[in-house]
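Reader: I've got the model loaded and want to poke around a bit. Mind walking me through the interesting spots?

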Amino acid sequence: MAPTLKGGDAALLPEFPRGPLDSYRARASFSWKELALFTEGEDMLRFKKTIFSALENDPLFARSPGAHLSLEKYRELSFLRCKRIFEYDFLSAGDMFESPLKVSTLIQCLGMYDWSLAAKYVLHTLIFGSAVFSSGSERHFTYIQKIFSMEIFGCFALTELSHGSNTKAIRTTAHYNPATEEFIIHSPDFEAAKFWVGNMGKTATHAVVFAQLHMPGGQCHGLHPFIIQIRDLKTLLPMPGVMVGDIGKKLGQNGLDNGFAVFHKVRVPRHNLLNRMGDVTPEGTYVSPFKDARQRFGASLGSLSWGRVVIMAMAVTNLKLAVSIAARFSATRRQFGPTEDEEIPVLEYQTQQWRLLPYLAAAYALDHFSTSLFLDMVELQRGLAAGDRSARQAELGREIHALASAGKPLASWTAQQGIQECREACGGHGYLAMNRLGVLRDDNDPNCTYEGDNNVLLQQTSNYLLGLLALRVQDGARIRSPLKSVDFLDSYPSILDQRFEVSSVADCLDSAVALAAYKWLCYLLRETHEKLNQEKRSGSGDFEARNCQVFHGRPLALAFMELMVLQSFHEHVHRPCVPPSLRAVLGRLSALYALWSLNRHTALLYRGGYFSDEQAGRVLESAILTLCSQLKDDAVALVDVIAPPDFVLDSPIGRADGELYKNLWGAILQDSQVLERASWWPEFSVNKPVIGSVKSKL
């Protein structure tokens, strides 16, 4: 059972240790504890406290400064830690639907500690587990309990060596034999090997394997998922006909064993087909509740939307960690000043504020949206589990697919750019591995490519929007969606008649200003639609026409996604239930994220005529800098809300006490290699003056 939390509210949100960050904390315009309670709620804060306390007090999770684990040892340790997480019983199978926020919170807490561990857990429970639950039927539900008891360990095998994004071209086959009521799973050659599959390299015993389903008469019904045992449960040796192994060291997340598998005429029982989307009778007749093969194919890949929604939260978590480290560093690192005798924190410099604070605002905005989308995904899965075949359910699936397909690129790229900016903003100390920014950068990097390459995914979103516009143009249909994400397009093209009319910085300090500008950016929808038609009139086929979208479909999808994030956060911070003491700081975060994001589209705003003179661009830039200045004194308190305990953050320059140099020097001396070399200078402790010690030795 999970350790129980002892103590009252003081233990839940303890005061930070006194130190150099005190002055910034004292200047904050709000209570960080109040914001934490408002943002997450007491129950979720206690849940996080329980998880973090369990990790910190368990020797299996002890941090080991200077310990450079071998690849084999790191992967073994990740598996043992994953097993321990299940022993703590933080989540049950029922929590997946009954307490979905606990699922998201656990993933983020584990990721803050180590993304190899978190990814291993997610792939087993949420990706493999949800694939079995959502694509299978009652005959497969016995696997669910085995997943949570770790009787089996799973992975999701879709990608092949030669095919990733183009899932329809997957080449693994499943031929049905009615005489034995078995499917024969086969990889025609090495290019059809399942590849990059997380957990498959060393530890997975079972896989959800996607293969082309062939009937005895020769007809192929396309890609279908099968649950296949790939290793012996006791020995972990490959099952007959299965060649499985590890693909080797990666740029990051090396505690996760990504692997490959080749199948040579592996026979599996008929009931191993996950049959919610399509089934085969014992005699060899194919049956499906979907009349349209494209709908069936989309439904069968529902687990990919789960993955993309989770990746959004993973990327946002990385951004939270990076900006927490960089903000605390910037509030304590002093360089230069108005006089030679006075140095000021680098956070006081406008450039440092401009580099970091928009990413702090982005962390808050993206976090709120990703949580909302996670809950929307839960609603979709509940409908699927209940057998809902309504038009609304189908449209909800398409809408979430479009949002997740653009949400993952926006979140992962924002985190990628933000982590790099934080690394550089911490100077040379940011390049030191022990301060973790390099690890965060490498661990976040795959978020940009797995579960779909970002640039390819954006086409899914632009195609969704173009499809809605086509229906309106052709049939006059109203543009509506279950989550109301596209309802504003019903006013197209009248929105395009609007112009930017704000003339002062003061009037620009509200996210509503950027919200109106983003809605006008449906200009990109018109431009993309016209570009496609122009290409087709020139003789291009549909495939060729859609291959000309770098300056059309791509920015359309990103601008739409930024609008969704902004609109969600804007509505959130302007709700009546927001405590009066928090409204100002949350409003500034919303406005800063909005204007900073909008500023990247300045050229489009001028080209399309929304901006008409130089003043518009100047007001936008001045408003961004004004908001940065207003948020500067709140920066430390804002990261206090989102930063995990020091043990989890694991960055000497980002510790909550703000003792930048003591913590950094102490961490260096804890490194066993440094201690070995410097054992003849024992007085070099964090409590002794370094300069004096050096002079005495000289």
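**Buried spots and close contacts**

Reader: Is Cys522 buried or exposed?
Author: In this predicted model, Cys522 has a relative accessibility of 4%. The cut-offs are under 20% relative accessible area for buried and over 50% for exposed, with partly exposed in between (1.4 Å probe, protein chains only). So Cys522 counts as buried.

Reader: What sort of model is it, before I trust side chains?
Author: Residues are numbered from 1 along each chain as its sequence is written, and side-chain values use heavy atoms, leaving out hydrogens and water. Local features need pLDDT of at least 70, side-chain atom pairs count only at pLDDT 80 or more, and totals for chains, interfaces and linings use all residues, this being a predicted model.

Reader: How many disulfides are there?
Author: A disulfide here is a pair of cysteine sulfur atoms within 2.5 Å, and by that rule the count is 0. Cys508 is in none, as the nearest cysteine sulfur, that of Cys628, sits 13 Å away. Cys522 is in none either, with the sulfur of Cys508 the nearest at 19 Å. The disulfide count is therefore 0.

Reader: What relative accessibility does Cys508 have?
Author: Cys508 counts as buried. Its relative accessibility is 0%.

Reader: How many residues of helix H18 are buried?
Author: Helices (H or I, at least four residues) and strands (E, at least two) are DSSP runs numbered from the N terminus, and H18 covers residues 511-520. The buried ones are Ser511, Val513, Ala514, Leu515, Ala517, Tyr518 and Trp520. They pack against H17, H19 (523-537), H21 (553-573), H22 (580-598) and H23 (602-607), contact meaning heavy atoms within 4.5 Å. H18 is largely enclosed by the rest of the structure because its buried residues number 7 of the 10.

Reader: Which residue caps the N-terminal end of H18?
Author: Look for a side-chain oxygen lying 2.8 Å from the backbone nitrogen of Ala512. That oxygen belongs to Asp510.

Reader: Which arginines make polar contacts with the side chain of Asp490?
Author: Asp490 sits in the loop between H16 (454-475) and H17 (505-508), and is buried at 14%. A polar contact is an N or O pair within 3.5 Å; within protein, one atom must be able to donate a hydrogen and the other to accept it, and sequence-adjacent residues count only if both are side-chain atoms. One side-chain pairing comes in at 3.2 Å and another at 2.8 Å. The partners are Arg472 and Arg478.

Reader: Which residues does UniProt list as "binding site"?
Author: The unreviewed UniProt entry uses the numbering here, with shortened feature names, and annotations may be inferred rather than shown by experiment. It places the feature at Thr159 and Gly198. They are spread over 40 residues of sequence but cluster in space, with a largest C-alpha distance of 10.7 Å. The listed residues are Thr159 and Gly198.

Reader: Where does Thr159 lie?
Author: Thr159 is partly exposed at 28%. Beyond four places in sequence, Thr159 contacts Gly164, Ala193, Lys194 and Phe195. Its place is the loop between strand E1 (154-157) and strand E2 (173-177).

Reader: Which strand holds Gly198?
Author: Gly198 is buried at 7%. Not counting residues up to four places away, Gly198 touches Leu123, Cys155, Leu256, Asp257 and Asn258. Its strand, residues 194-198, is E4.

Reader: What share of the chain's residues is buried?
Author: The chain has 29 helices and 11 strands. Of its 698 residues, the buried share is 55%.
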